[in-house]
Amino acid sequence: MILSRYNLKNITAASVIKPDETIFDLPEKVLQFGTGVLLRGLPGYYIDKANRQGIFNGRVVVVKSTAQGDATSFEKQDGLYTTCIRGYKNGTLVEENVVNSSISRVLNAAQQWQEVLACAHNANMQIIISNTTEVGIQMCHEDIRHHPPQSFPGKLLSFLHERFKAFAGSRQSGMTIIPTELIPENGKKLEAIILEMAHLNGLEEAFIEWVEKYNCFCNSLVDRIVPGKPEASILAAIENELGYSDSLLLMSEPYGLWAIEGDEGVKQLLSFAQADEGVVIEPDINLYRELKLRLLNGTHTLSCGLAYLAGCKTVQQAMEDETISTFIADIMQNEIVPVLNNVDSSVAQKFAATVLDRFRNNHIRHEWLNITLQYSSKMRLRCLPVLLEHYQRHQTVPALFVTGFAAYLYFMKPVEKKGDEFFGEYNGEQYKIKDEQAEVFYKRWAGLTVASLVHHTLQDEAFWGTPLHHLPGFEQAVTYNLNEMINEGVRESLEKWLPGKEVAA
């Protein structure tokens, strides 16, 4: 039996929470760009929970923008999917299965752009959510009259312009836009891009004024480990228990945070925040952002290539490995925590301990390869500020950061190109490198010595925003570590370095 609206009445398992039939009649209030598991496992979770409590009373139209995958499963299952929450909360084991009914429909931007634009005419729809990864919020010089525009900002601008025309630029028609991409000041950055693109497209001044005055771009931060669909054996056991099959089923940890920067007006509109303490709406969310971006995401980024090349496929597996878990704990507590700005050290250490507990969750299979998605941009956005702050304070080489960075360069060694895809190799097995810099590294590894590759990478000011080869001792340390990893092996090198944490030049 496939999960669907029709089959809900046939699902009898006591261990699953099902939606009431009345939820399917709720109006569409949210436009969401992205079908990924994070959006479905966090914002979608909160909206669904609020709907079941009779609070928000609105559903989500999802726009699928990428060519990868399709929306067939959403159509077959009437937008329904199961969120399986596993782990510990306040020391208590949580095992919860919820059939999420927040999605009303999924529209493919390439084939259904007119239907997306039609949503701009819906007065109830006042909220836009996005997660297009860190590379999604970037300035693009394109004509938004193309159907659809190629970039996410182009699509958003086209939608807003349609909204402006549909409601004659009224105050009430303004949208609240909440990007969840993990970049600093994501809302404000997106707003700046939208305004610049509006000028470049020659859009009327009245529209630009409407965007600035009546649309609210909220900085936000999401924090929840949502690895998605579990491995086949676990999925089969869950589906056997629940009594139905679900190709959209996803796993999630109990912990969740959606911090949104906004005033009382935003809080009133986003009424789903009342359903769960994990939704925080405050005038300033910088503390939440700094803790999460550096300690959880930054540690993930500095550890993913290293852990994978050392033979650990999942985060939990790495936490059971003495060598890798020591690296993870030490880099978080000894190199990241001490350089956090405007964060009390006791607060940071407490958050770090919570993150380590979350990493140890043996109910969640969070694969390191998934964390390497857009590895380069994550390294720049999440980790580079930590490196620069360390040098600002100490003018010394951060040993563990160097190790994580060298492993990043080693992971980014494509050994084969198949069409537009690049593949690295570990232990005789190929892995896909899903990174906007993959072709750059393909050329570097093919034509440069290790020392030259490190030098060219660090001096790439256009990418990093600053020349890294000028940092005292950093280039020499990265070169040495990378050579050691290549010649001795990643695990073997790490086991040699960890006891003294010394960096050779």
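R40 is buried (under 20% relative accessible area, 1.4 Å probe, protein chains only) but forms no salt bridge, a term that requires a side-chain nitrogen of Lys or Arg within 4 Å of a carboxyl oxygen of Asp or Glu. The nearest side chain of opposite charge belongs to D246, 6.6 Å away; Lys and Arg count as positive, Asp and Glu as negative, with His and the chain ends not counted. This is a predicted model, in which local features need pLDDT of at least 70, side-chain atom pairs count only at pLDDT 80 or more, and totals for chains, interfaces and linings use all residues. Residues are numbered from 1 along each chain as its sequence is written, and side-chain values use heavy atoms, with hydrogens and water left out.

**Surroundings of R40**
- R40 sits in helix α1, residues 37-41 (a DSSP run of H or I, at least four residues, numbered from the N terminus).
- Beyond four places in sequence, its contacts (heavy atoms within 4.5 Å) include Y45, F74, Y81 and N100.

**Nonpolar cores**
- The largest nonpolar core (buried Ala, Val, Leu, Ile, Met, Phe, Trp, Tyr and Cys residues joined through side-chain atoms within 4.5 Å) has 90 residues, and F359, W368, F405 and F474 touch the most other members.
- A second, separate core has 37 residues, among them V63, I137, L157 and I208.

**Helix α5**
- Of the 15 residues of α5, 13 are buried, so the rest of the structure largely encloses this helix.
- S151 caps the N-terminal end of α5, with a side-chain oxygen 2.9 Å from the backbone nitrogen of G154.
- Just after α5, A168 adopts a positive phi of about 55 degrees.

Note on methods
Helix = DSSP H or I, 4+ residues; strand = E, 2+ residues; numbered from the N terminus. Buried < 20%, exposed > 50% of the residue type's maximum accessible area, 1.4 Å probe, protein only. Polar contact = N/O pair within 3.5 Å; in protein donor to acceptor, adjacent residues only side chain to side chain.
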